[in-house]
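Visitor: I would like to learn how to read a model like this one, feature by feature. Please start with a single residue and work outward.

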Amino acid sequence: MVGVALGAAACGSETLTPAAAGTTPPPPPHPPAPKVYWPLTGLESGAVPARPALAVKIENSITARPQTGLGSADIVWEEVVEGGITRFVAVFHSTLPPEMGPVRSVRPMDPAIVAPLRGLLAFSGGQRPFVDAVVDAGLQVVSNDAGAPGFHRLHTRKAPHNVYADPGAFLAQADAAHQAAPEAQFSYAAEGEQPAAVSSGTPATSLDLKLSGVSHPRWTWSQPDGAWLRAEGSTPATEADGSPMKATNVVVLRVAVDDSTGFSDPAGNPVPETQLVGSGEALIATGGSTVLATWTKTSVGAPVVLTGGVGWPVSLARGTTWVELVPTGSGSVGTS
């Protein structure tokens with residue numbers, strides 16, 4: 001009987017606890033807001049500003065080094081121009097440096113590089129057919145020769161290597177048709193997953209490229225930096241402030257380059273054109289590894305697509321990307 005009485009008392013006590021006496025349970029927590037990413041790096045951004053991508057032609061001759069602003073670019077393309085020197089198409093969106101340069105002229109392959117961004121292309125100089133091709137590709141032109149605001153010359157450098165620019169002034173000129181943020185240009189590994197070069201590639205610590213007889217960029221994997229560091233031959237590449245030029249990913253595209261444009265520079269060198277609509281071999285360097293791939297670009301306005309041996313998209317690490325356009329005939333690619 002005593003045991004029964006204790007049980008009854010305990011039961012009665014439970015029915016009288018304050019929590020059971022009419023307290024409303026708390027509402028379920030709100031689901032977390034979906035993450036938003038910068039389209040040209042894949043890095044988390046918060047709200048992406050409604051500003052377009054800005055592509056700028058940056059010189060890479062010996063007299064142009066060290067350059068300013070390249071470290072802020074989301075994507076940098078390197079192309080061969082007259083005499084075997086190279087030039088950069090630097091694409092800015094997530095970060096804008098206060099100044100960039102030296103800015104140089106447009107070339108025939110630039111529309112195919114920049115058209116998928118549907119933004120602005122800024123340059124200083126260029127033959128009329130090359131400028132018209134930029135407009136025909138749907139881009140907004142920001143030209144120093146046409147008097148666009150935002151360009152200035154440095155007194156510490158000699159012309160024509162002294163044209164520098166304010167990217168904010170360029171973006172302020174974007175017209176109504178060129179206000180939208182760009183779409184992603186590459187596929188990035190999902191959070192928690194490894195990029196393709198790391199998951200299925202081959203370990204490598206250096207990438208030696210020959211773009212021409214006078215252009216031999218070298219990329220070396222730096223574990224402390226978590227990035228590939230650039231050198232011009234054996235000379236480390238730095239910006240004007242001394243910071244090293246580096247990239248999270250280096251994408252090498254083997255491309256056809258010909259001199260059939262019919263144009264030449266003031267020194268009489270033929271103006272080459274890189275053929276970017278088509279397909280070819282690619283090598284992607286990420287995280288101390290490289291992986292072979294195929295690149296495909298179906299039209300001037302379509303982005304480059306990287307696929308693996310079975311046709312699956314090749315993913316990059318989230319971060320900055322340098323694209324090296326290495327000629328199939330005269331160029332070479334080596335890893336170690």
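Guide: Take P160, which sits in the loop between β6 (151-153) and β7 (163-165). Element names follow a rule: helices (H or I, at least four residues) and strands (E, at least two) are DSSP runs, numbered from the N terminus. The model is a predicted one, in which local features need pLDDT of at least 70, side-chain atom pairs count only at pLDDT 80 or more, and totals for chains, interfaces and linings use all residues. Residues are numbered from 1 along each chain as its sequence is written, and side-chain values use heavy atoms, with hydrogens and water left out.

Visitor: What kind of peptide bond joins A159 and P160?

Guide: The angle to read is omega. The bond between A159 and P160 is cis, with omega at about 5°. Another cis peptide bond links G101 to P102, where omega is about 0°. P102 is placed in the loop between β3 (86-92) and α2 (110-114).

Visitor: Which sign does phi have at R118?

Guide: Phi is a backbone angle to check alongside the residue type. R118 is not a glycine, yet its phi is positive, at about 55°. R118 belongs to the loop between α2 and β4 (120-123).

Visitor: Where does R118 fall on the scale from buried to exposed?

Guide: The scale has three classes: buried means under 20% relative accessible area, exposed over 50%, and partly exposed in between (1.4 Å probe, protein chains only). R118 counts as partly exposed because its relative accessible area is 48%. V134, in helix α3 (residues 128-136), is buried because its value is 0%.

Visitor: Which residues does V134 touch, apart from those up to four places away in sequence?

Guide: A contact means heavy atoms within 4.5 Å. By that rule V134 touches V106, P111, L121, L139 and V141, with residues up to four places away in sequence not counted. A33 is a case of separation: its C-alpha atom lies 39 Å from that of V134, and the two residues are 101 apart along the chain.

Visitor: How far apart in space are the C-alpha atoms of S264 and E82?

Guide: Sequence distance and spatial distance should be read side by side. S264 and E82 are 182 residues apart along the chain, while their C-alpha atoms are separated by 7.9 Å. S264 lies in the loop between β14 (249-258) and β15 (273-275) and, at 37% relative accessibility, is partly exposed. Its contacts, leaving aside neighbours within four places in sequence, are Q127, N269, P270 and V271.

Visitor: What about P28 and P102, how far apart are they in sequence and in space?

Guide: They are 74 residues apart in sequence and 56 Å apart from C-alpha to C-alpha. P28 lies in the loop between α1 and β1 and is exposed, at 68% relative accessibility. P25 is in the loop between α1 (2-15) and β1 (54-59), and P25 is exposed because its relative accessible area is 62%. The C-alpha atoms of P25 and T294 are 57 Å apart, with their positions 269 residues apart along the chain.

Visitor: Over which residues does pLDDT stay under 50?

Guide: pLDDT is the predictor's confidence in each residue, from 0 to 100. It stays under 50 over residues 1-19, for which the model has 1 contact beyond four places in sequence. The protein as a whole averages a pLDDT of 92, and 93% of the residues score at least 70.

Visitor: How many helices and strands does the protein have?

Guide: There are 5 helices and 20 strands. Buried residues account for 48% of the 336. Among contacts with a separation of 6 or more, 63% join residues 24 or more positions apart.

Visitor: What radius of gyration does the protein have, against that of a compact globule?

Guide: The radius is taken over C-alpha atoms, and the globule rule is 2.2 Å times the number of residues to the power 0.38. A compact globule of 336 residues would have a radius near 20 Å, whereas the protein has 26 Å. Along the principal axes, its C-alpha atoms fill a box of roughly 115 × 45 × 40 Å.
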